[in-house]
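Got the model open in your viewer? Let's walk through it, one selection at a time.

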Amino acid sequence: MIGASITCFVMPMLDKMHIDDPVGASATHGASGIWGIIAIGLFADNPHPLNTTSGRKGLFKGGGWYLLGVQCFVVVCLALWSFTTSITLLWGINKIIPIRMNVHDELLGADLVEHRIRHTQIGVSRAMSAFRPISQEHKLESVHPVGINPGHDSYIEKYSRKNRTKNGKKLSLVKKLTRSPQINTITDAVLTGKNKPNFAWLE
């Protein structure tokens with residue numbers, strides 16, 4: 001519960017700091033992971049016969065501050081190691097293959113440009129129109145929107161076909177009835193109080 005609460009607190013904090021972490025990995029694996037390491041220094045009991053804590057207990061188990069200090073030092077070491085190796089590797093990769101996308105691809109979104117995932121109702125079509133001509137326009141327009149369900153679409157197609165058949169029969173019946181002078185229908189005439197026609201329809 002504490003780890004989940006930390007994640008829920010850190011994610012909006014990163015958003016407010018304008019740190020790009022759309023999947024919440026830093027909050028989930030970073031912040032909650034730090035809590036998990038520190039929690040050992042607080043709650044660990046000597047797991048005899050295992051020797052994972054070298055016979056030491058956590059602060060709340062009467063083991064003093066030693067194990068908590070070790071765990072906090074581990075957090076610092078892991079953070080420095082992760083930061084240093086990530087910066088070094090990304091710097092090297094960027095020299096060979098530029099990591100930053102160009103402006104057009106960035107505004108269209110990496111989901112569409114890189115992963116061929118097209119989200120609906122987020123203005124992708126408008127962005128593609130504004131950026132024309134773009135090199136990948138034909139390929140990107142052919143990407144299907146996410147959420148397509150073949151079974152669902154098949155059912156909808158059958159349902160629509162059945163409705164078209166029913167409506168076709170109704171339409172032919174309406175055409176026959178409208179030929180009768182006894183039924184008045186809407187015409188192209190201007191509707192006024194004097195020549196207002198009666199409305200006729202079939203349920």
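Start with everything selected and colour by burial: 17% of the 203 residues in the protein are buried, meaning under 20% relative accessible area with a 1.4 Å probe, protein chains only. Keep in mind that this is a predicted model, where local features need pLDDT of at least 70, side-chain atom pairs count only at pLDDT 80 or more, and totals for chains, interfaces and linings use all residues. Residues are numbered from 1 along each chain as its sequence is written, and side-chain values use heavy atoms, with hydrogens and water left out.

Now switch on the surface. The accessible area is about 16300 Å² (Shrake-Rupley, 1.4 Å probe), and carbon and sulfur atoms hold 63% of it.

Go to cartoon next. You'll find 8 helices and 0 strands, taken as DSSP runs (H or I, at least four residues, for helices; E, at least two, for strands) and numbered from the N terminus.

Select residues 2-16 (helix H1) and 25-43 (helix H2). Their axes, lines fitted to C-alpha atoms over the stretch in contact, come within 8 Å and cross at roughly 130°, on a scale from 0 to 180 degrees between N-to-C directions. That makes H1 oblique to H2, the label for angles that aren't under 35, over 145 or 65 to 115 degrees.

Which residues meet there? Show side chains: Ile 2, Gly 3, Ile 6, Thr 7, Val 10, Met 11 and Leu 14 in H1 meet Ser 26, Ala 27, Thr 28, Ala 31, Ser 32 and Trp 35 in H2, with contact meaning heavy atoms within 4.5 Å.

Definitions and conventions: Buried < 20%, exposed > 50% of the residue type's maximum accessible area, 1.4 Å probe, protein only.
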